[in-house]
Amino acid sequence: MSTSTSPELAAPNPLKAGDSFPGGVKFSYVPYTPEKEAITSCGVPQQFNASEEFANKKVVLFAVPGAFTPGCSVRHLPGFIDHLSEIKSKGVDLVAVIAFNDAWVMSAWAKANNIKDEILFMTDTDTRFSKDIGWTKGDRTGRYAMIIDHGKITYAQNEPGGDVTVSGADAVLKAL
């Protein structure tokens, strides 16, 4: 249940507009089901092949250093929740957030924010993908955002500091 160790992602290689989304990228998540709706209910983590899933969709992917942390829960995630319909109106098929937390924590974070399947909450296990692109905060996933349009990156920004600027919903909306 971790991202691939594909040779395509072997050395830190920050992504930028015009790049193809790398092959072999896999995350894990707990899909929403009504019978597992309670925050204390645990589902079964599933592998999500991002490289395949993103190849034929317009996707907004954003990363946070950790679920349930003040910056992520107060300043980063709420913008995407509040502007979700506006983001989707720009032709976005999928909005996903990744963090270093495990799939159960990410599922609980979605439930705590009353999100069912409108946004996918996934784990970047061992921060493999974030390390591969060189966008981490210590041992954690970095704070960044990207737009992937049918496998091509049209926007990719890593936060230069501790605030939410280039990776927030407002910046992503402007880039859409």
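This is a short chat about the pocket, the cores and one serine of a predicted model.

Reader: Hi! How much space lies in the largest pocket?
Author: Happy to help! The largest pocket holds about 170 Å³ of space.

Reader: And which residues lie nearest its centre?
Author: Those are Tyr 29, Val 30, Pro 31, Tyr 32 and Lys 116, out of 16 residues that line the largest pocket.

Reader: What gives the most to that lining?
Author: Helix H4, residues 103-112, gives the most, with four residues. Strand S5 (120-123) also supplies at least two.

Reader: How does the lining split by class?
Author: The lining of the largest pocket has 10 nonpolar, four charged and two polar residues.

Reader: Changing topic: which residues have the most contacts inside the largest nonpolar core?
Author: Val 60, Phe 62, Val 95, Val 97, Trp 109 and Phe 121 do, in a core of 26 residues. Among the elements that give two or more residues to this core are strand S3 (58-63), strand S4 (94-99) and helix H6 (169-175). The largest share, four residues, comes from H6.

Reader: What does Trp 109 touch?
Author: Leaving out residues up to four places away in sequence, Trp 109 touches Val 64, Ala 67, Phe 68, Cys 72, Ser 73, Leu 77, Val 97 and Phe 121. There is also a second, separate core of 24 residues, which includes Ala 50, Phe 54, Ala 96 and Phe 129.

Reader: One last thing: is Ser 130 buried or exposed?
Author: Ser 130 counts as buried because its relative accessibility is 0%, and buried means under 20%. Ser 130 is found in helix H5 (residues 128-133). Its contacts beyond four places away in sequence include Ile 98, Asp 124, Trp 135 and Tyr 144.

How values were computed. Residues are numbered from 1 along each chain as its sequence is written. This is a predicted model: local features need pLDDT of at least 70, side-chain atom pairs count only at pLDDT 80 or more; totals for chains, interfaces and linings use all residues. Side-chain values use heavy atoms; hydrogens and water are left out. On a 1 Å grid over the protein atoms alone, a cavity is a set of points where a 1.4 Å probe fits but cannot get out, and a pocket is an open set with protein on both sides within 12 Å along at least five of seven lines; lining residues have an atom within 4 Å of a point. Grid points are joined across faces, edges and corners, and a volume is the space filled by probe spheres set on the points. Ala, Val, Leu, Ile, Met, Phe, Trp, Tyr, Cys and Pro count as nonpolar, Asp, Glu, Lys and Arg as charged, and the others, Gly among them, as polar. Buried means under 20% relative accessible area, exposed over 50%, partly exposed in between (1.4 Å probe, protein chains only). Contact means heavy atoms within 4.5 Å. A nonpolar core is a set of buried Ala, Val, Leu, Ile, Met, Phe, Trp, Tyr and Cys residues joined through side-chain atoms within 4.5 Å.
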